[in-house]
Amino acid sequence: MDQKFVEKMKEQLTAEKARIESELQNIGPRDPNNRENFTSEFPDFGTSEDDNALETTIYNDRISQEQALEDTLQDVSAALERIGKGTYGVCKYCKKDIPEERLEARPEAGACIECKKKLTMEP
């Protein structure tokens with residue numbers, strides 16, 4: 001794989017990692033025991049039933065958002081690790097090169113489209 005392309009992807013992934021971490025910090029503090037885990041904070045608006053309902057709704061939304069961002073952060077971090085190891089752009093299942101077009105669309109991809117389809121197909 002072209003080194004210029006890999007460097008371009010590394011820059012994009014590094015920027016994406018910073019963006020995700022910033023969003024996660026707005027949701028809650030980082031878990032001191034796991035650097036890629038954040039803890040959603042429960043809001044406190046008051047003690048009325050309306051306040052409690054709003055707090056629960058916002059907290060549930062935060063948990064969902066936190067999980068999605070943490071999953072993406074994990075994928076981005078794994079892609080950066082593959083760049084460091086020199087295995088970026090190689091499908092982790094079939095060991096074939098992942099097309100640059102796929103990596104441009106999804107820089108954190110660790111599988112080629114064919115293998116991803118096989119993994120996500122219903123039995």
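**Salt bridges and the largest pocket**

At 43% relative accessibility, Glu-104 counts as partly exposed. That residue is a handy way into this predicted model, as Glu-104 pairs up with Lys-8 in a salt bridge. Searching the whole structure turns up five salt bridges. Below is a quick tour of some of them, followed by a look at the largest pocket.

**The bridge between Lys-8 and Glu-104**

- The closest N and O atoms of Lys-8 and Glu-104 sit 3.6 Å apart.
- This pair ties together distant parts of the chain, since Lys-8 belongs to helix 1 and Glu-104 to helix 3 (residues 100–105), with their positions 96 residues apart in sequence.
- Lys-8 has a relative accessible area of 38%, so it goes down as partly exposed.

**Arg-19 and its surroundings**

- You'll find Arg-19 in helix 1, which covers residues 3–27.
- Arg-19 makes a salt bridge with Glu-16, and their closest N and O atoms are 2.7 Å apart.
- Both of these residues are in helix 1, three residues apart, or about one turn of the helix.
- Arg-19 is partly exposed because its relative accessible area is 37%, and Glu-16 is partly exposed too, at 25%.
- Looking across the fold, Arg-19 and Leu-73 are 54 residues apart in sequence, while their C-alpha atoms are 9.6 Å apart in space.

**Glu-108 and the wider bridge network**

- Glu-108 forms a salt bridge with Arg-106, with 2.7 Å between the closest N and O atoms.
- Glu-108 has 14% relative accessibility, which is under the 20% cut-off, so Glu-108 counts as buried.
- Its partner Arg-106 is partly exposed, with a relative accessible area of 33%.
- Elsewhere, Glu-16, Arg-19 and Glu-23 are joined into one network by salt bridges that share partners.

**The largest pocket**

- The largest pocket holds about 200 Å³ of space.
- Its lining is made up of 13 residues, and those nearest the centre are Asp-75, Lys-92, Glu-108, Gly-110 and Lys-116.
- So Glu-108 shows up twice in this briefing, once as a salt-bridge partner of Arg-106 and once in the pocket lining, and the reason it counts as buried is its 14% relative accessibility.
- Sorted by class, the lining has seven charged residues, five nonpolar and one polar.
- Helix 2 (49–85) and helix 4 (113–120) each provide at least two of the lining residues.
- Helix 2 is the top contributor to that lining, with three residues.

Notes:
Residues numbered from 1 in each chain as written. Predicted model: local features only at pLDDT ≥ 70, side-chain atom pairs only at ≥ 80, totals over all residues. Heavy atoms only, no water. 1 Å grid on protein atoms, 1.4 Å probe; cavity = no way out; pocket = protein on both sides within 12 Å on 5 of 7 lines; lining within 4 Å. Points joined across faces, edges and corners; volume = space filled by probe spheres on them. Helix = DSSP H or I, 4+ residues; strand = E, 2+ residues; numbered from the N terminus. Nonpolar A, V, L, I, M, F, W, Y, C, P; charged D, E, K, R; others polar. Salt bridge = Lys/Arg side-chain N within 4 Å of Asp/Glu carboxyl O. Buried < 20%, exposed > 50% of the residue type's maximum accessible area, 1.4 Å probe, protein only.
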